[in-house]
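Hello,

Here is the structure I promised to pass on to you. Have a look at it first, and then read on for what turned up when I went through it.

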Amino acid sequence: MTPTSEPVLDSYKRAAIIGGGVIGISWAGLFLARGIDVVINDPRPDIEDLVLAGLEEITPALAELGLPTENLTAGLSFEADLGKAVADVDIVQENGPERLELKQQIWQTVEQHAPAHALLATSTSSIPASAVAVALEQPERLVVGHPFNPPHLVPLVEIVPGEKTSEATVEQARAFYAALGKKPQVLRKEVPGFVANRLQSAIFRECVHLVAEGVVTEQELDDIVTSSIGMRWAVAGPFRTFHLGGGPGGLPHFIEHLGSAMEANMWPILGNPTFDEATVAKLVEQANEAFGNGTVEELAAERDRAQIALMRALGSTPDASTTRA
Ligand SMILES: NC(=O)c1ccc[n+]([C@@H]2O[C@H](COP(=O)([O-])OP(=O)(O)OC[C@H]3O[C@@H](n4cnc5c(N)ncnc54)[C@H](O)[C@@H]3O)[C@@H](O)[C@H]2O)c1
């Protein structure tokens with residue numbers, strides 16, 4: 001690989017991807033396209049076939065992002081022994097199953113074998129770094145680097161330090177993900193579910209309620225979101241939106257006049273659905289009706305193309321000057 005024009009990435013020649021599933025493959029594709037060699041550690045016997053097929057699937061999106069994809073797999077290797085896999089890497093990105101004990105075991109092995117300078121990050125979507133690091137000798141080295149699926153495409157990476165994660169580790173993670181072309185956001189407090197997934201859960205709860213109650217169908221609800229708040233939130237988040245909604249008085253005026261009505265009239269009536277049998281049957285039936293005329297792969301590719309077009313319009317595509325030739 002030729003040298004990068006992104007100075008931070010000069011220090012990242014080789015990465016270990018632990019767990020080559022959905023998230024591991026996506027990170028691997030992005031790292032490889034950024035010129036970082038990747039070694040995959042995953043006990044699945046068919047892991048090589050799975051990863052190669054997965055990389056082939058995401059290659060068009062990487063190319064659409066302006067990243068080089070020729071000979072993408074030239075720097076790819078596989079190593080079943082975890083200690084050996086991390087022995088000579090600059091970054092370890094762990095994407096194993098979402099099980100605390102397993103992640104604790106994995107990281108105990110990693111810290112024994114990874115070089116002292118290596119960035120140690122877990123993609124976990126719900127487990128705090130503090131919990132994973134309890135048995136570590138150097139808990140200051142571990143940080144959550146939580147991507148939004150798929151990591152090769154969606155800009156956000158939530159960086160969530162544990163109680164003992166050092167500021168140096170947080171800064172190392174922030175600089176690394178930014179150099180990859182991501183939009184890292186450091187959380188100020190360790191909370192379960194982090195931020196983006198908590199928001200998704202809150203909104204999805206109401207979505208399920210509205211469909212279960214028969215107010216709208218899934219397709220109608222999706223159309224309402226993509227033609228209003230979804231589109232708007234891509235350019236101005238909820239707080240900026242309501243600051244502007246408050247007119248010249250901004251957010252203080254909004255809270256006084258509309259926010260208090262929201263608190264009094266809306267918050268108490270928001271739904272609290274469950275995934276009981278009848279609700280699930282309704283959701284599944286409507287999903288088949290609305291989305292059943294294409295395979296998930298086709299629908300995902302279509303969504304990703306539109307997502308890239310939107311990112312391009314918003315100027316959030318990775319800066320071509322930071323890619324490797
Ligand atoms: N899928 C998402 O939307 C998403 C988004 C952000 C973060 N995450 C997080 O990423 C991680 C992986 O999620 P996923 O969706 O890719 O799961 P996945 O099931 O697709 O992949 C997990 C992989 O880990 C492998 N594995 C099992 N035991 C292992 C071990 N001991 N060592 C190494 N690898 C092992 C499995 O064989 C599998 O290939 C989880 O922590 C999850 O919370 C997932």
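A good place to start is A121, whose bridge partner in β6 is V143. Please keep in mind that this is a predicted model. The pair belongs to a parallel pairing: strand β5 (residues 119–122) and β6 are joined over three bridges. V143 also stands opposite P161 in β7. There the direction changes, as β6 and strand β7 (residues 156–161) run antiparallel, with five bridges between them. One step further along, β7 pairs with strand β8 (residues 183–186) in the parallel sense over four bridges, and I159 has V186 in β8 as its bridge partner. As a reminder, strands of a sheet pair through backbone hydrogen bonds, either parallel or antiparallel.

If you zoom out, these strands are part of an open sheet of eight strands, in the order β3-β2-β1-β4-β5-β6-β7-β8, with mixed pairing. At its edges are β3 (76–78) and β8, each of which pairs on one side only. From one strand to the next, the twist averages 25 degrees.

Next, the ligand. Which residues come nearest to it? Of the 23 residues around the ligand, they are G19, G21, I23, S125 and N149. Three elements each supply at least two residues of this shell: α1 (22–33), α4 (100–113) and β6 (142–147). The most come from α1, which gives three residues. By class, the shell around the ligand has eight nonpolar, 12 polar and three charged residues.

N149 deserves a second look, since a cis peptide bond joins N149 and P150, with omega at about -5 degrees. You will find P150 in the loop between β6 and β7. Another backbone detail is at N71, which has a positive phi of about 50 degrees although it is not a glycine. N71 sits in the loop between α2 (47–64) and β3. Why point these out? Most residues other than glycine have a negative phi, and most peptide bonds are trans.

On to the overall layout. The domain assignment gives domain 1 (7–192) and domain 2 (196–293). Taken over C-alpha atoms, the centres of domain 1 and domain 2 are 32 Å apart.

Two helix pairs are worth turning the model around for. Helix α7 (residues 196–212) and helix α12 (residues 277–291) have axes that come within 10 Å and cross at roughly 90 degrees, so α7 and α12 are roughly perpendicular to each other. On the α7 side the contact is made by V208, V211 and A212, and on the α12 side by T279, K282, L283 and Q286. This contact of α7 with α12 is made up of four nonpolar, two polar and one charged residues.

In the other pair, helix α10 (residues 238–245) packs against helix α11 (residues 250–266) at an angle of about 80 degrees, with the axes 7 Å apart. This angle therefore makes α10 and α11 roughly perpendicular to each other as well. F239, F242, H243 and G245 in α10 meet G250, L251, F254 and L258 in α11. The contact of α10 with α11 includes five nonpolar and three polar residues, but no charged ones.

Enjoy exploring!

Best wishes

Definitions and conventions:
Residues numbered from 1 in each chain as written. Predicted model: local features only at pLDDT ≥ 70, side-chain atom pairs only at ≥ 80, totals over all residues. Near = placed C-beta within 6 Å. Nonpolar A, V, L, I, M, F, W, Y, C, P; charged D, E, K, R; others polar. Axes fitted to C-alpha atoms, helices over the stretch in contact; angles between N-to-C directions. Parallel < 35°, antiparallel > 145°, perpendicular 65-115°, else oblique. Contact = placed C-beta atoms within 7 Å. Domains from an automatic or database assignment. Pairing = 2+ DSSP bridges.
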